[in-house]
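Grab a pencil and take a slow look at what follows. Each exercise comes with a worked solution, so try it yourself before reading on.

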Amino acid sequence: MPDDPGLDRARRDAQALHVRVQQEAALALAAECTAERDPARLAPRLAQAAATVADAYTAASPVRAQHACKKGCSFCCYQPVRLTPAEAITIAAVLRANLPAEWLARLQTVLEQRTRGLAGLGVADYRKARIPCPFLDGTGACGIHPVRPLACRGVASVDLPGCQTHYVDPEKPQPRLDQLVFVTTNAVQEALRSTCRERGRDATVYELHAAVGRALATADAAARWAAGEDVFADCLTLDAQQ
Ligand code: SF4
């Protein structure tokens with residue numbers, strides 16, 4: 001079958017955009033690395049800077065007005081989420097700063113139990129199991145919205161019926177997403193990873209429960225990660241199980 005020139009063009013445009021945004025984000029993140037003197041502050045600073053670049057592209061999307069996503073809509077929060085150590089450390093720091101000790105201990109137990117349950121589960125099984133994100137609050141809102149992972153920021157639906165259908169039956173096609181948001185956020189995550197990797201910091205993408213659980217259980221995770229230590233050794237990635 002002959003190639004569709006329209007599709008080819010769209011693919012080339014998306015690749016060019018990905019490269020451009022990755023370079024732009026890498027420059028911004030390199031500047032943060034140079035400016036930050038406190039190693040324990042590096043992870044939050046990088047995660048925040050990456051989120052800022054990604055959010056700027058989302059805000060400028062030509063189909064922004066068609067985004068179906070709103071507070072309390074959580075159809076997509078039952079999917080596996082992967083994130084970098086810098087993001088996991090940032091989420092853990094915010095949780096530590098805001099949750100009472102008793103809630104934090106309960107959350108940590110949930111994260112540990114879920115992580116054990118997820119070992120050996122493939123991505124497809126995870127979707128079918130419809131596991132609610134541990135950070136969903138009782139109203140269906142994201143309890144860590146300001147520091148949510150880039151993987152979550154990159155999912156901007158323009159297809160609410162598709163979200164509902166996919167939630168009810170994960171084997172049905174994925175909803176239509178704002179491709180500009182998806183491509184640019186993915187490019188920012190790549191930039192975050194390469195910035196960390198080039199400076200000797202772990203940049204693996206880990207499974208959410210496992211990585212945030214490890215960051216919470218390791219009081220000095222931020223400083224140790226910044227020093228190049230393998231704080232997340234053996235954490236679940238889900239990669240090998242797809
Ligand atoms: S972190 Fe927030 S946005 Fe991401 S899956 Fe969890 S509740 Fe949803």
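One thing to keep in mind: this is a predicted model.

**Exercise 1.** Work out how many helices and strands the protein has, and in what order they run.

*Solution.* Start with the count: there are ten helices and two strands. Then walk from the N terminus, and you get α-α-β-α-α-α-α-α-α-β-α-α.

**Exercise 2.** Check the radius of gyration of the protein against that of a compact globule.

*Solution.* Begin with the chain length, 242 residues. A compact globule with that many residues would have a radius of gyration near 18 Å. The protein has 18 Å, so the two agree. For a feel of the dimensions, its C-alpha atoms fill a box of roughly 55 × 40 × 35 Å along the principal axes.

**Exercise 3.** Test whether the end-to-end distance of helix α2 fits its number of residues.

*Solution.* Helix α2 covers residues 39-59, which is 21 residues. At 1.5 Å a residue, the helix should span 30 Å. Its end C-alpha atoms sit 31 Å apart, which agrees.

**Exercise 4.** Find out what covers the buried residues of α2, and what α2 gives to the largest nonpolar core.

*Solution.* First, pick out buried residues of α2: among them are Leu42, Ala50 and Tyr57. Next, look at the cover, which includes α1 (5-35), α3 (85-98), α6 (150-153), α8 (179-198) and α10 (221-226). Now zoom in on Ala50: beyond its neighbours within four places in sequence, it touches Ala25, Leu29, Leu150, Val188 and Leu192.

Finally, turn to the core. The largest nonpolar core has 55 residues, and Ala50 is one of those with the most contacts inside it, along with Ile89, Ala92, Val188 and Ala211. Helix α2 supplies the largest share of this core, ten residues.

**Exercise 5.** List what surrounds the ligand, then sort it by residue class.

*Solution.* Around the ligand you'll find Cys77, Val81, Cys133, Phe135, Leu136, Cys142, Ile144, Arg148 and Cys152. Sorting this shell gives eight nonpolar residues, no polar ones and one charged.

**Exercise 6.** Decide whether Arg130 and Asp234, both with positive phi, are buried or exposed.

*Solution.* Take Arg130, in the loop between α5 (123-129) and α6. Its phi is near 45°. It has 11 C-beta neighbours inside 10 Å, so Arg130 counts as exposed. Now Asp234, in the segment after α10, with a phi of about 70°. With 8 other C-beta atoms within 10 Å, Asp234 is exposed too. The cut-off behind both steps is 12 or fewer.

How values were computed. Residues are numbered from 1 along each chain as its sequence is written. This is a predicted model: local features need pLDDT of at least 70, side-chain atom pairs count only at pLDDT 80 or more; totals for chains, interfaces and linings use all residues. A residue is near a molecule or strand if its C-beta atom, placed from the backbone, lies within 6 Å of it. Ala, Val, Leu, Ile, Met, Phe, Trp, Tyr, Cys and Pro count as nonpolar, Asp, Glu, Lys and Arg as charged, and the others, Gly among them, as polar. Helices (H or I, at least four residues) and strands (E, at least two) are DSSP runs, numbered from the N terminus. The expected span of a helix is 1.5 Å times one less than its number of residues. A residue is buried if 20 or more other C-beta atoms lie within 10 Å of its own, exposed if 12 or fewer, and partly exposed in between; C-beta atoms are placed from the backbone. Two residues are in contact if their C-beta atoms, placed from the backbone, lie within 7 Å. The radius of gyration is taken over C-alpha atoms; the globule rule is 2.2 Å times the number of residues to the power 0.38. A nonpolar core is a set of buried Ala, Val, Leu, Ile, Met, Phe, Trp, Tyr and Cys residues joined through C-beta atoms within 7 Å.
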